[in-house]
Each structure stands twice: as C-alpha cells, then as structure tokens.
Amino acid sequence: MAHDDTAVPKMAALFDAAPARWGLRGDPHVWQALRDALSGTDLPASADAVARLLRTTFDELVEVDLFSEPAPHVYRERYAHGGMSGGMVHLDTWRRTLLPLLVERAERLLEARPGPVR
C-alpha cells in the first residue's frame with residue numbers, strides 16, 4: 001500500500017498575506033481571530049465547502065449572520081483595540097471583499113493540489 005506524503009494545506013494558509021485595505025478597525029482583528037480559529041483545520045475539498053466554513057466561523061466569532069444582517073457594520077467589544085472605529089466590523093467589506101478573497105485563495109490552492117494517482 002502506497003503512503004501519500006502530500007500534506008493537505010491548512011486553512012491558515014489562506015490568511016498568509018493580509019489585505020492592503022480594511023473596512024474598519026475591527027476587521028484586522030476578526031481576520032486574525034478567523035485565522036486562529038481555523039489554523040489547524042485542513043482545507044476542505046471544494047471552494048464551496050471553504051466558503052461555508054469561513055462563513056460559519058465568521059458568524060460565530062462576530063455573533064452575527066453575515067448575509068442576513070442588513071447593517072453595513074457592527075460593534076464588537078472583543079475587537080476594540082483603539083481608534084475611533086475600534087471594535088467596528090465592516091460587514092459589507094467582509095461580504096464583498098474579504099471572504100471572497102479567502103475563497104479565491106482556496107480555489108488556487110485546490111487547483112494546485114495533485115490529482116489522484118491512476
């Protein structure tokens with residue numbers, strides 16, 4: 001029986017380059033919290049599964065349903081680390097930019113995975 005030494009990428013790999021722009025001051029702290037929460041998790045086999053995992057984890061960490069909450073931003077004390085918008089999480093940025101960026105990175109990693117041996 002052959003042993004497959006190909007390591008499955010971890011979700012943490014998606015967070016390696018922080019975005020150049022954030023929505024509000026709480027966003028980088030949510031980014032880090034997501035990374036920490038998912039760091040040991042294997043990358044799921046599909047981009048859809050990655051998106052579901054990211055959304056579920058985001059919803060738990062920020063205590064909001066990202067796609068049903070109509071507000072463009074929410075305040076969360078745990079992400080307040082100074083500044084006028086400290087603790088403010090810009091949901092629109094997460095919906096339009098940050099989660100899609102992470103899913104796009106996952107797609108690239110998934111495409112680079114070697115296929116099954118025939």
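## Exercises on helix α1 and its surroundings

The axes of α1 and α2 cross at roughly 115° and come within 10 Å of each other. The model examined here is a predicted one.

**Exercise 1.** Determine how α1 passes α2, and which residues meet where they do.

*Solution.* Begin with the handedness: the crossing of α1 with α2 is right-handed. Next, list the residues on each side. From α1 come V30, A33, L34, A37 and L38, and they meet L53, L54, T57, F58, L61 and V62 of α2. Finally, sort the residues by class. The contact of α1 with α2 holds 10 nonpolar residues, one polar residue and no charged residues.

**Exercise 2.** Establish which residues of α1 are buried and how they are arranged about the helix axis.

*Solution.* First, locate the helix. α1 covers residues 27–38, which is 12 residues, and reaches 16 Å from its first C-alpha to its last, close to the 16 Å expected at 1.5 Å a residue. Second, pick out the buried positions, for which the cut-off is under 20% relative accessible area. In α1 these are D27, V30, W31, A33, L34 and L38. Third, view the helix down its axis: the buried residues of α1 fall within an arc of 165°, so they line one face of the helix. A general rule helps in reading such a pattern. An α-helix has 3.6 residues a turn, so residues three or four places apart point the same way. Last, ask what covers the buried residues of α1. The covering elements include α2 (47–62), β2 (88–90) and α3 (91–112).

**Exercise 3.** Decide whether M84 is buried or exposed, and state where it lies.

*Solution.* Start with the position: M84 belongs to the loop between β1 (73–75) and β2. Then apply the cut-off for exposed residues, which is over 50% relative accessible area. M84 has 88% relative accessibility and therefore counts as exposed. To place M84 against another residue, take L98. The two are 14 residues apart in sequence, and their C-alpha atoms are 22 Å apart in space.

**Exercise 4.** Describe the chain as a whole: its elements, its extent and its contacts.

*Solution.* Count the elements: there are three helices and two strands. Along the sequence they follow the pattern α-α-β-β-α. For the extent, the C-alpha atoms fill a box of roughly 60 × 25 × 25 Å along the principal axes. Of the 118 residues in the chain, 38% are buried. Turning to contacts with a separation of 6 or more, 65% of them join residues 24 or more positions apart.

Note on methods. Residues numbered from 1 in each chain as written. Predicted model: local features only at pLDDT ≥ 70, side-chain atom pairs only at ≥ 80, totals over all residues. Heavy atoms only, no water. Helix = DSSP H or I, 4+ residues; strand = E, 2+ residues; numbered from the N terminus. Expected span 1.5 Å × (residues − 1). Buried < 20%, exposed > 50% of the residue type's maximum accessible area, 1.4 Å probe, protein only. Arc of directions from axis to C-beta. Contact = heavy atoms within 4.5 Å. Axes fitted to C-alpha atoms, helices over the stretch in contact; angles between N-to-C directions. Left-handed = near helix turned anticlockwise from the far one by under 90°. Nonpolar A, V, L, I, M, F, W, Y, C, P; charged D, E, K, R; others polar.
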